[in-house]
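Here are some short exercises to work through with the structure on your screen. Try each task yourself before you read its solution.

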Amino acid sequence: MTDEPVRLARPALGQVELDAVGRVFASRQLTLGSALRELEERLAHICRTPEAVGCSNGTAALHLALLAVGVGPGDEVVVPAYTFPATANAVILCGARPVFCDLAPGLDVTDRSRIEAVLSNRTRAVMVVHLFGYPMDLRGVRALCAERGLPL
């Protein structure tokens, strides 16, 4: 037995990341500074969208994304059964209900058939998570969401 905690993930942080944080600290503008503006501009360019918004954490980002697509009280949002709590918490912050979708056998992610099985007339969005380096095959999920007019 060991006293070392079981880690959810081990971030890869090197000198480049430490230098970037050091530049932000040296600027003394820890929020809403030039580093954030640069991140937003670069992300918008990569995503081929006019704007991107940096958030303080993942929960805030997910919450804003759900609000942006109109999720609100009485709605349902499909989320993976195995994920970080922020995924479901963001849905709850909108007043909606998370609907948990099981993992596909042998994978750490779900798939189209399992998502389709939990859809209802109250479903307003589908959230997927690429977990622990296991990206989802989004082709089927994208097609399902397009067929149903659901944001992904």
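## Warm-up: the overall fold

In this predicted model, residues 24 or more positions apart account for 48% of the contacts with a separation of 6 or more.

**Exercise 1.** Describe the secondary structure of the protein and the order of its elements.

*Solution.* Start by counting: there are 6 helices and 3 strands. Next, walk along the sequence, and you will read the pattern α-α-α-β-α-β-α-β-α. Finally, look at the dimensions: the C-alpha trace spans about 50 × 50 × 30 Å along its principal axes. Of the 152 residues, 26% count as buried.

## Inside the protein

**Exercise 2.** Find out which residues make up the largest nonpolar core, and which helix gives the most to it.

*Solution.* First, collect the members. The core has 11 residues in all: Val78, Cys101, Ile115, Leu119, Val126, Met136, Leu138, Val141, Leu144, Cys145 and Leu150. Second, look for the main contributor, which is helix α6 (residues 138-148), with 4 residues. Apart from this core lies another one, of 10 residues, including Val71, Val77, Val79 and Ala90. As background, nonpolar side chains tend to be buried together in soluble globular proteins.

Now zoom in on one member. Setting aside residues up to four places away in sequence, Leu119 touches Val78, Val126, Leu144, Arg148 and Leu150.

**Exercise 3.** Decide whether Thr87 is buried or exposed, and list its contacts beyond its sequence neighbours.

*Solution.* Begin by locating Thr87, which sits in helix α4 (residues 85-93). Then check its relative accessible area: the value is 4%, so Thr87 is buried. For the contacts, leave out neighbours within four places in sequence; Thr87 then meets Leu62, Val79, Pro80, Met127 and Val129.

## The largest pocket

**Exercise 4.** Describe the lining of the largest pocket.

*Solution.* Take the volume first: the largest pocket holds about 450 Å³ of space. It is lined by 18 residues, and the closest to its centre are Ala20, Val21, Val24, Ala35 and Leu36. Next, ask where the lining comes from. Both α1 (15-27) and α2 (34-46) supply at least two residues each, and the largest share, 8 residues, comes from α1. Last, sort the lining by type: 10 residues are nonpolar, 5 are polar and 3 are charged.

## Cysteines

**Exercise 5.** Count the disulfides, and explain why Cys55 has no bond to its closest cysteine.

*Solution.* The count comes to 0 disulfides. Cys47 is in none, as the nearest cysteine sulfur, that of Cys55, is 13 Å away. Cys47 is partly exposed, with a relative accessible area of 48%. Now turn to Cys55: the closest cysteine sulfur to its own is in Cys94, 12 Å away, so the two are too far apart for a bond. Cys55 is partly exposed too, at 31% relative accessible area.

## Backbone angles

**Exercise 6.** Look at Leu32 and Arg48, and work out what is notable about the phi of each.

*Solution.* Recall the general rule: most residues other than glycine have a negative phi. Leu32 is not a glycine, yet its phi is positive, about 55 degrees. Arg48, again not a glycine, has a positive phi of about 55 degrees. Then place them. Leu32 is in the loop between α1 and α2, while Arg48 lies in the loop between α2 and α3 (58-68). To finish, check exposure: Leu32 is exposed, with a relative accessible area of 64%, and Arg48 is exposed, with 79%.

Conventions
Residues numbered from 1 in each chain as written. Predicted model: local features only at pLDDT ≥ 70, side-chain atom pairs only at ≥ 80, totals over all residues. Heavy atoms only, no water. 1 Å grid on protein atoms, 1.4 Å probe; cavity = no way out; pocket = protein on both sides within 12 Å on 5 of 7 lines; lining within 4 Å. Points joined across faces, edges and corners; volume = space filled by probe spheres on them. Nonpolar A, V, L, I, M, F, W, Y, C, P; charged D, E, K, R; others polar. Core = buried A, V, L, I, M, F, W, Y, C linked by side-chain atoms within 4.5 Å. Buried < 20%, exposed > 50% of the residue type's maximum accessible area, 1.4 Å probe, protein only. Contact = heavy atoms within 4.5 Å. Disulfide = S-S within 2.5 Å.
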